[in-house]
Amino acid sequence: MGFLSDDEKASFEVLLASDTATQKMVAEISDDWSTLALLSNPSAPDSDLRSRTLMLVEEPTDLSQFIESKAIAKLRENYSKPNARYLGGEGTVDISEIRDGKDKDVILRTYEQLLGILPLVNGESSAAFGDFSALQKYAIQNLSIKEQLAKWSDPLSPTEDQVAHSLQRSLLASLPSLAHFIDVARSGKTNLSEIRRIFYLCRDQLKIMRASFRDLDPQRLAEDELIRLHGTHLLHQKWTGARHSYFNSQGLASCGNFFEGPISERCVEFAEYDSNLYCLANLISSRSSNGGFKLELIKDAVPGCVLAIAHAEVKSDLDGELDILPSSHLTNLPPSLSKDACLWTLLEGSMRRGFPHHSMGELSDASFFGKQRVENHSYLWFAWPEIENTHSGAVASTEKPGQ
Amino acid sequence: MSPIETTHWERIRDRKPDSLADLYDGFAGAMFSLALEVLGDRWEAEEVTQDVFAYVWKNPKAYSPVKGKFSSWLLVITRNRSIDRLRSRKRKVVHGEPIEALSNRQDHSSEDGAEHAVRADERSSIKEAFKQLPQDQREVLELAYFKGLNHQEISDQLKLSLGTVKSRIRLGMEKLRRALSSLRP
């Protein structure tokens, strides 16, 4: 029950490998520990945890055709890192820059409402232990975000305006999914798995909003701006087996190849990365033949770069829609695709910030982001500069502080 | 505790179909209960449980039968990872205030609970034996096991000498071991 110094640990390991008396002693201590574990109050994990855990044994996706595609070959040829790695936080605006007072109200009210929801769904809340009444009551007392969002997002159209991007990022990335699950909780027909999903989505949404509007919550934003490494495991935990919703479509995410290691250096960078992933997830899940889609994070395909990939089986007519989303094609855009085009332009904006040494044309031509069809699968991806050397910043292991 | 021993580990190591599902069904409840007891946070406890299964699946050779029972080893890892999280969360241990007792949290979702994962009689015996310990021994065991404090930290917190902390832990563990010896082969 004590702790050994590093030198003591090394000597002990040597002893443990060779000395039977030491092995016997360790085995006995291990048994003693497990005896104490029985003092814990018995609690059952949600059945959803079983499904998520068993996803671990699925064979990793074979991405070879995608990685060997012309698009990724082009990226490999042209990829170059920026001189200074982008740490997120650019592309933010003041709330006062929002011209329409109603829009401003929606942002302020939504943020306030979500701050109120977070403690009702965190891991210590009564909802996390099966009593959903407080959450339902709160959701009923407040306006339905889903209804507000449906009304508000109609006139959204793709643009390069920064204020519009901050609004769109706040409304179209994680909010549609979150609004859906809160509405389910409002109806009282929710379950533990959805409460967990609300918790992760709500936490992400609040960070995305703070990163989009610098004066929304300066105190928490200051926390988000501290150097704190974020590992891929945080994305793996929240996306494995995650139910997803984007307006009228429902989907189920799974995680394929995920390298292990840091992916962002600050919460504001992680918020932007998250937002980009939600954009991909929204675009692909709403077109998936069966609602299922896969996220992958790979590091070796292009040196110096992390590739985030979302893919699914998509029928060819829906795949064709993805080809016309890039801003270069906006003149031909059907109105039904307006929101989706906004998601694409948000991704373009983020790419521009991440790789400022390239023009948008270069980024697009060199496949820093894009869409590729391989057989009956559609792949969407974006590149992000890898973190080469981990420095001495704190590590965000649970993201619990500064929610 | 139900005997989840080396055959489970060998099946995991040999990548047998359903081996992870079987291990999960036999043991997730006990692992999750322990993580939840330490962390008090359901989502974090789920993450720890899932992490441990992922670790075992990816690194089956991290375990070796010389380390004791596979089941005990799993609980040791679960406890250590939970304590790591607790420490990284920098949750304050309250100085000079009454020490939190083991939770009496009501889990509305666990009516058919995790009892299948461990023998209920063993659980109730250890709880009963624990209740019979003097309060000062219970206190140091809880701080060491569920709060992850080392001897020195317990000594500082309770304002006791290091020797007293060590002897209370040793005495407490010996009594628990004796109480359980009649249940174990």
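**Entry 1: Thr232(A)**

I began with Thr232(A), which, leaving aside residues up to four places away in sequence, touches Phe258(A), Phe259(A), Glu260(A), Gly261(A), Ile263(A) and Leu297(A). I note at the outset that the model is a predicted one. I placed Thr232(A) in helix H13 of chain A, and I then asked whether Thr232(A) is buried or exposed. The relative accessible area of Thr232(A) is 3%, so I entered the residue as buried, the limit for that class being under 20%.

**Entry 2: the second largest pocket**

Helix H13 came up again when I turned to the second largest pocket, because I wanted to know which elements each supply at least two residues of its lining. In chain A these are strand S1 (227–231), helix H13 (232–239) and strand S3 (249–258), and they are joined by helix H3 (42–58) of chain B. I recorded that H3(B) gives the most to this lining, with six residues.

The pocket holds about 960 Å³ of space and has 35 lining residues, of which Leu56(A), His236(A), Glu260(A), Ala54(B) and Lys58(B) lie nearest its centre. Glu260(A) was already in my notes as one of the residues that Thr232(A) touches. Sorting the lining of the second largest pocket by class, I found 13 nonpolar, 13 polar and nine charged residues.

**Entry 3: the largest cavity**

I next looked up the enclosed spaces, and the search of the whole structure gave six cavities of 30 Å³ or more. The largest cavity contains about 90 Å³ of space. Which residues line the largest cavity? I listed Val106(A), Arg109(A), Thr110(A), Gln113(A), Leu143(A), Ile145(A), Gln148(A), Leu149(A), Trp152(A), Leu171(A) and Leu175(A).

By class, the lining of the largest cavity divides into seven nonpolar residues, three polar ones and one charged one. Two helices of chain A, H6 (101–121) and H8 (145–152), each supply at least two residues of the lining of this cavity.

**Entry 4: helix H9 of chain A**

Leu171(A), which is in the lining of the largest cavity, led me to helix H9 (residues 162–172) of chain A, where I asked how many residues are buried. The helix is mostly covered, with 10 of its 11 residues buried. I wrote down the buried ones as Val163(A), Ala164(A), His165(A), Ser166(A), Leu167(A), Gln168(A), Arg169(A), Ser170(A), Leu171(A) and Leu172(A). As background to reading such a stretch, I keep in mind that an α-helix has 3.6 residues a turn, so residues three or four places apart point the same way.

**Entry 5: two residues with more accessible area**

For contrast with these buried positions I looked up Gln65(A), found in helix H4 (residues 64–67) of chain A, and Lys137(A), found in helix H7 (residues 133–141) of chain A. Gln65(A) has a relative accessible area of 44% and is partly exposed, whereas Lys137(A), at 54% relative accessibility, counts as exposed because the cut-off for that class is over 50%.

Not counting residues up to four places away in sequence, Gln65(A) touches Val374(A) and Glu375(A). I also took two C-alpha to C-alpha distances: Gln65(A) and Gly292(A) are 227 residues apart in sequence and 20 Å apart in space, while Lys137(A) and Ala27(A) are 110 residues apart in sequence and 51 Å apart in space.

**Entry 6: chain A as a whole**

Stepping back to chain A, I counted 17 helices and nine strands in its secondary structure. The radius of gyration of chain A is 23 Å, close to the 22 Å that the globule rule gives for 403 residues, so I noted the chain as being as compact as a globular protein of that length. Along the principal axes, the C-alpha atoms of chain A fill a box of roughly 80 × 55 × 40 Å.

Of the 403 residues in chain A, 59% are buried. Among contacts in this chain between residues at least 6 apart in sequence, 78% join residues at least 24 apart. The accessible surface of chain A comes to about 16200 Å², and 50% of that belongs to carbon and sulfur atoms.

**Entry 7: chain B as a whole**

I ran through chain B in the same way, and I found eight helices and zero strands. Buried residues make up 50% of its 185 residues, and for contacts in chain B between residues at least 6 apart in sequence, 69% join residues at least 24 apart. Chain B exposes about 8600 Å², of which carbon and sulfur atoms supply 51%.

Terms used:
Residues are numbered from 1 along each chain as its sequence is written. Chains are lettered from A and ligands numbered from 1 in the order in which they are written. This is a predicted model: local features need pLDDT of at least 70, side-chain atom pairs count only at pLDDT 80 or more; totals for chains, interfaces and linings use all residues. Side-chain values use heavy atoms; hydrogens and water are left out. On a 1 Å grid over the protein atoms alone, a cavity is a set of points where a 1.4 Å probe fits but cannot get out, and a pocket is an open set with protein on both sides within 12 Å along at least five of seven lines; lining residues have an atom within 4 Å of a point. Grid points are joined across faces, edges and corners, and a volume is the space filled by probe spheres set on the points. Helices (H or I, at least four residues) and strands (E, at least two) are DSSP runs, numbered from the N terminus. Ala, Val, Leu, Ile, Met, Phe, Trp, Tyr, Cys and Pro count as nonpolar, Asp, Glu, Lys and Arg as charged, and the others, Gly among them, as polar. The radius of gyration is taken over C-alpha atoms; the globule rule is 2.2 Å times the number of residues to the power 0.38. Buried means under 20% relative accessible area, exposed over 50%, partly exposed in between (1.4 Å probe, protein chains only). Contact means heavy atoms within 4.5 Å. Accessible areas come from the Shrake-Rupley method with a 1.4 Å probe; for residues, only the protein chains shown count as cover.
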